Amino acid sequence: MAITYKLKKSSMQDTATSVLREDDSDIKLSIPLNDPNNTDYQEYLEWVDAGNTPDPAD
Amino acid sequence: MPSEIRVNKLNNRSGLGTITLYDGGTLMSGIVTATSFNGSLAATNLTGSIDNARLPNPVVKNITGNITGNVTGNITGNVTGNVTGNVTGNVTGSGANLTSIPAGNLTGTVADARISTLTASKLTGALPAISGASLTGVTDTLSFRRINHNGDCSVAQRGTVTGITNGTAANLCYGGPDRYKLYVSQHGTYTTSQELDAPDGFDQSLKILNTSADTSIASSARLYVQHKIEKYDLIRTKKGTSGALSLTAQFWVKSDKTGTYIFEMWDNQNNRHISSTYAISSADTWEKKTMTFAGDTSGNAFAAANTSGIDCNWWLAAGSNFTSGSLASSWTANTDANRCVGQTVNIGDSGNWYMTGFQLETGSTATDFEYRSYGDELKRCERYFQLLLHPDDATEDIGAGFATGANEVQFPLGQFRTTMRANPTVWQVTGSNYFKIGGGNLGGDKYLSASWNINSISKVSGSLYTDPDANLSSHANQMGSIQAKSTSARLGLTAEL
C-alpha cells in the first residue's frame with residue numbers, strides 16, 4: 001500500500017499546520033500537527049521515525 | 001393370726017364385674033370403682049387401652065406413646081413426636097424442627113429472622129412496595145451502567161467501509177457502526193458494515209465480511225474487532241487500586257463459522273490483558289455471550305485523561321504467536337503467546353461475523369442492556385467522529401466560505417456539535433466537482449475538487465481550506481455558500497482513540 005504525506009500551509013499561516021495523508025483508498029486525511037493525542041498524528045510520527053520524509057508544503 | 005380364703009373367681013352380685021384369681025395374678029373385669037391405688041405401677045405393665053382418661057396436672061411426667069386427644073394444660077417438656085392438631089398457646093422452646101408451616105398462619109412478628117438460604121423460587125407471591133430509603137451496599141446507579149458506546153450498533157456515520165487490510169491507517173479501519181474498528185495485521189481483506197440483522201430487542205448489528213481470503217495464516221497474523229474506551233470513562237472501575245471492581249461484558253454474536261473465539265480486554269496504560277473464550281455453537285444463529293473479569297488491583301489507576309484506557313477485542317483470527325502459551329484468564333502483564341489461546345476460528349480464510357448488544361459494566365452481574373435514545377448515543381459517538389454532510393443528499397449547503405485569493409478558498413467550520421476527544425483529523429472523500437463555492441458575489445458554481453486541508457483546528461472549532469478549480473482572483477474576499485454536490489462526497493472530523 002503506497003502511503004504519502006504532504007505538509008500543508010494555507011496563505012493565512014506562516015508554517016505548515018497539517019499534513020495530508022493519501023493511500024490507495026479514496027479516503028484522505030488532513031491531520032493536524034498541533035495535538036500529540038491525535039492518533040493519526042502519532043501514526044505520522046511513527047512513519048517519519050521509520051525514516052520517511054513528507055513532501056514539503058507548497 | 002392371718003387367715004386366708006383361696007378361691008378361683010368372685011362374681012358381682014349383678015353380674016357387672018368379676019375378679020378372677022389365677023396362678024399368674026388377679027384379673028378384674030367389668031366395672032371397677034376405686035378411690036386410690038397404693039404402690040408403684042410400672043408403665044410397662046399398663047397394657048391395653050385407656051379411653052377418655054382424665055389426668056389432672058401435673059400427674060403426667062413422660063408420655064412416650066401417642067396422644068390422640070386434646071391437651072388443655074401446659075407441656076413443659078420436649079415433644080419429640082409430631083403435633084398434627086392446632087397449638088393455640090405459646091411455644092417458648094426451640095422451633096428448630098418446625099416444618100410445613102403455611103405462610104398464612106405466620107401472622108405475628110418474626111423478630112431477627114435469619115433467612116440465609118432463601119431462593120428466588122420461594123418468592124412466588126407479590127412483593128409489597130419496599131422503600132429504598134435504607135438500602136445499603138448499592139454500588140451503582142441503574143442508569144449509566146453501560147460504559148461502552150453504541151452497544152446497539154445504531155449509529156453508523158461513516159457507512160460501509162471496504163478494503164480494510166494490513167497497513168490500512170488506523171482511522172480508516174473504522175466502518176459500519178461507530179466506535180468499532182477492525183484491526184488487520186497480515187491476514188486478508190475485509191468490509192465492515194451496519195446491518196439490519198439482530199436478535200429480538202435490537203435492530204442493527206456490526207458485520208465483518210472477509211472479501212479476500214488468506215488461507216495460510218501467518219504466525220504474526222492478527223484480526224480483531226476493537227472498541228476502545230477513554231480513560232475518563234474508566235475511573236469508576238477502580239482498576240489498579242485495592243478496590244478494583246469486576247467487569248462484566250455481554251454481547252450477541254453470530255457467524256457462519258462455529259467454534260471457539262476469544263474476547264480480550266487490553267489495558268493500554270499498563271500493557272496488561274485478560275481473555276475469555278466463548279463458543280459459537282450454531283452457524284448463522286444469534287447467541288448471547290456473557291463473561292465476567294475479576295478486578296485488576298495491579299498497575300497504575302486510570303486518571304482523568306482523553307487517551308486510551310481499555311480496548312475490548314473480539315478476536316476473529318490469530319497466528320501462533322498469540323495462541324502458543326496459556327490463556328491469560330486473569331489480568332497479567334503482557335505475554336503475546338497468552339492472549340488468544342484456544343481460538344479455533346479463522347474468519348480470515350473466509351466467513352463473516354456479526355455482533356450487537358454489547359455492554360461492559362462494573363460488577364459481576366450482566367444486567368439488562370441499557371438502552372439509550374439514538375440522539376444520546378449519536379452525541380457520545382460524536383466525541384470521536386462527526387460527519388459534516390449527509391451522504392444521501394446530492395446537493396447540500398454545509399456552510400459558508402470565502403475566497404482568500406486566486407487559488408484558495410477558506411471554509412470556517414464554526415463550533416463543532418460536541419467537544420471532540422482531541423484536535424480532529426479531517427476525514428474526506430473528494431473528487432471532481434464533489435464540492436463548490438457559489439452564490440453571493442461569487443456568482444455561479446465554482447467547483448472545489450481538491451482535498452480539504454486544516455488551516456487551524458482545536459477540539460471545539462476549526463477552519464479548512466482548499467484549492468478551487470478556477471482562478472478566483474476576481475473574487476478575493478468574497479463570500480459564498482459551500483455546497484456538497486455529490487452523493488459520493490464525504491467530509492467528517494475524526495478523533496478516535
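This report covers aromatic ring pairs and charges over rings in a predicted model.

## Aromatic pairs

Over all chains, the structure holds 24 aromatic pairs. Two pairs in chain B are described below, each with its geometry, location and burial.

## Phe202(B) and Phe369(B)

The ring centres of Phe202(B) and Phe369(B) lie 4.9 Å apart. Their planes meet at 80 degrees, so the pair counts as edge-to-face, for which the angle must be over 60.

Both partners sit in loops of chain B. Phe202(B) is in the loop between strand 6 (189–195) and strand 7 (205–212). Phe369(B) is in the loop between strand 15 (352–362) and helix 1 (374–381). The pair therefore ties together parts 167 residues apart in sequence. Phe202(B) and Phe369(B) are both buried.

## Phe251(B) and Tyr278(B)

Here the ring centres of Phe251(B) and Tyr278(B) are 5.2 Å apart. The planes stand at 80 degrees, so this pair is edge-to-face.

Phe251(B) belongs to strand 9 (residues 247–255) of chain B, and Tyr278(B) to strand 11 (residues 272–280) of chain B, so the contact ties together parts 27 residues apart in sequence. Phe251(B) is buried, as is Tyr278(B).

## A ring cluster

Phe251(B) and Tyr278(B) also belong to a cluster linked by ring pairs. Its other members are Tyr180(B), Tyr261(B), Phe263(B), Phe293(B), Trp314(B), Trp353(B) and Phe358(B).

## Charges over rings

Two basic side chains sit over aromatic faces. Arg179(B) lies over the face of Tyr384(B), 3.7 Å from the ring centre. Lys239(B) lies over the face of Trp331(B), at 4.3 Å from the ring centre.

Methods: Residues are numbered from 1 along each chain as its sequence is written. Chains are lettered from A and ligands numbered from 1 in the order in which they are written. This is a predicted model: local features need pLDDT of at least 70, side-chain atom pairs count only at pLDDT 80 or more; totals for chains, interfaces and linings use all residues. Side-chain values use heavy atoms; hydrogens and water are left out. Rings of Phe, Tyr and Trp (its six-membered ring) pair if their centres lie within 6.5 Å; planes under 30 degrees apart count as stacked, over 60 as edge-to-face and the rest as tilted. Helices (H or I, at least four residues) and strands (E, at least two) are DSSP runs, numbered from the N terminus. Buried means under 20% relative accessible area, exposed over 50%, partly exposed in between (1.4 Å probe, protein chains only). A charge sits over a ring if NZ of Lys or CZ of Arg is within 6 Å of the ring centre and within 35 degrees of the ring normal.
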